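Biologist: I should like to learn how to read the features of a model of this kind. Please take them in turn, giving the general idea and then the case at hand.

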There are 2 protein chains.
Amino acid sequence: MVKKSRFSENSLLILISLAEKERHGYAIMEDIEKNYDIKLGPGTLYGAIARLEKEGYIRVLESEDRKKPYKLTEEGQQYLTEQLKEIQKVTTIGMKRLGLV
Amino acid sequence: MVKKSRFSENSLLILISLAEKERHGYAIMEDIEKNYDIKLGPGTLYGAIARLEKEGYIRVLESEDRKKPYKLTEEGQQYLTEQLKEIQKVTTIGMKRLGLV
DNA sequence: AACGTTATATCGTATAACGTAATAGTAAAA
DNA sequence: TTTTACTATTACGTTATACGATATAACGTT
C-alpha cells in the first residue's frame, strides 16, 4: 500500500498547539512563537486553520467576543498521532544515517 | 522570496537517503519507498532534487552511464542536521501534549 | 480626549511545491 | 523478440505558503 505523506509543518504546529488546550488563532500564534521561535504571519496562520477546519481536524467553539477558539477533534488527534509517529520514524532513520545515533 | 517550510518532507527524505550514501534519482526513490512506504512520482522526485542542487545541499557526480549519482554536500549535511533537531523538538512537544510521553 | 499599540481576524496575490502524467531511451528478463 | 524494469526529463494543473493590506476592538498612556 502506497501512502502519500503530507506533514505540512505549519498545520502540525497548530494541531500540537491545540493538543494542549483550546486556543483561538492569535493564541496559537503566540504559543508557536514562544515554543519554537517561529512566527507565522496572519495569512499563513489563518489559511492553515481554515484548511484544518475543512479537513475536520479542528472545529470552532462559540464564544461571546470576537475570539474564535478552536478545539482539536477526535479525528484531528488521531491524525496528529499518526503523523508524529511517522515523522519520528523519519528523524530516527535520519539521525542514524548522520551518525548522530 | 518564499522561505521553505522547515520540513518539506520530500526534500528531507531525499537528503536522508543521501546521508547514507551516494545514490542516483531512481535509487533514492526506491530507498524512500522501501523505508517509509512513500512513493514519489518522477516529477516530485526530480523537481525536489533540482531544488536541492540549486540550494547547494546536494551535488551531482560524474558517471559513465546515464545514471546521475548525487552526493550530500557539507552544507546539506549541516542543514539536514539542524532540520532534524528542530523537528525532533516539535515531535517531542507534540507527543507530550498528546499524553504519549 | 486623543493617540498609539496590542489583540484578533479576513482577504488577496504571487510564487513555490506538489501530484500526475506523457515521453523517451536503455537494459534486463521472459 | 517482446516485454518489463531502469532512469530521467518536461509540462501542466492544483494547492500551500509567504507576505502584505485591511479592519476593528480593546487597552494603555499621555
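Biologist: How are the three strands of the open sheet in chain B ordered?

Modeller: Strands are DSSP runs (E, at least two residues), as helices are (H or I, at least four residues), and both are numbered from the N terminus. Two strands pair if DSSP finds at least two bridges between them. In chain B the order is β1-β3-β2, with antiparallel pairing. β1 (23-24) and β2 (58-60) of chain B are the edge strands, each pairing on one side only. This is a predicted model, in which local features need pLDDT of at least 70, side-chain atom pairs count only at pLDDT 80 or more, and totals for chains, interfaces and linings use all residues. Residues are numbered from 1 along each chain as its sequence is written, with chains lettered from A and ligands numbered from 1 in the order in which they are written.

Biologist: How many bridges join β1(B) to β3 of chain B?

Modeller: Two bridges join β1(B) to β3 (residues 69-72) of chain B. His24(B) has Pro69(B) as its bridge partner in β3(B).

Biologist: Which residues of α4(A) are buried?

Modeller: A residue is buried if 20 or more other C-beta atoms, placed from the backbone, lie within 10 Å of its own; it is exposed if 12 or fewer do, and partly exposed in between. In α4(A) the buried residues include Leu80(A), Leu84(A), Ile87(A) and Val90(A). The buried residues of α4(A) pack against α1 (9-20), β2 (58-60) and β3 (69-72) of chain A, and also against α1, α2 (25-36) and α4 (74-97) of chain B. After α4(A) comes Gly99(A), with a positive phi near 80°.

Biologist: How many residues of chain A are in contact with chain B?

Modeller: Contact requires that the C-beta atoms of two residues, placed from the backbone, lie within 7 Å. By that criterion, 30 residues of chain A are in contact with 29 residues of chain B. α4(A) gives the most to this side of chain A, with 13 residues.

Biologist: What rotation superposes chain A on chain B?

Modeller: Two copies of a chain are related by a rotation about an axis and a shift along it. The superposition is by least squares on the C-alpha atoms of residues with pLDDT of at least 70 in both copies. Here a rotation of 180° with 0.0 Å of shift along its axis superposes chain A on chain B (RMSD 0.1 Å). That is the relation of a two-fold axis. Of the interface residues of chain A, 83% are also interface residues in chain B, so the copies meet through the same surface.
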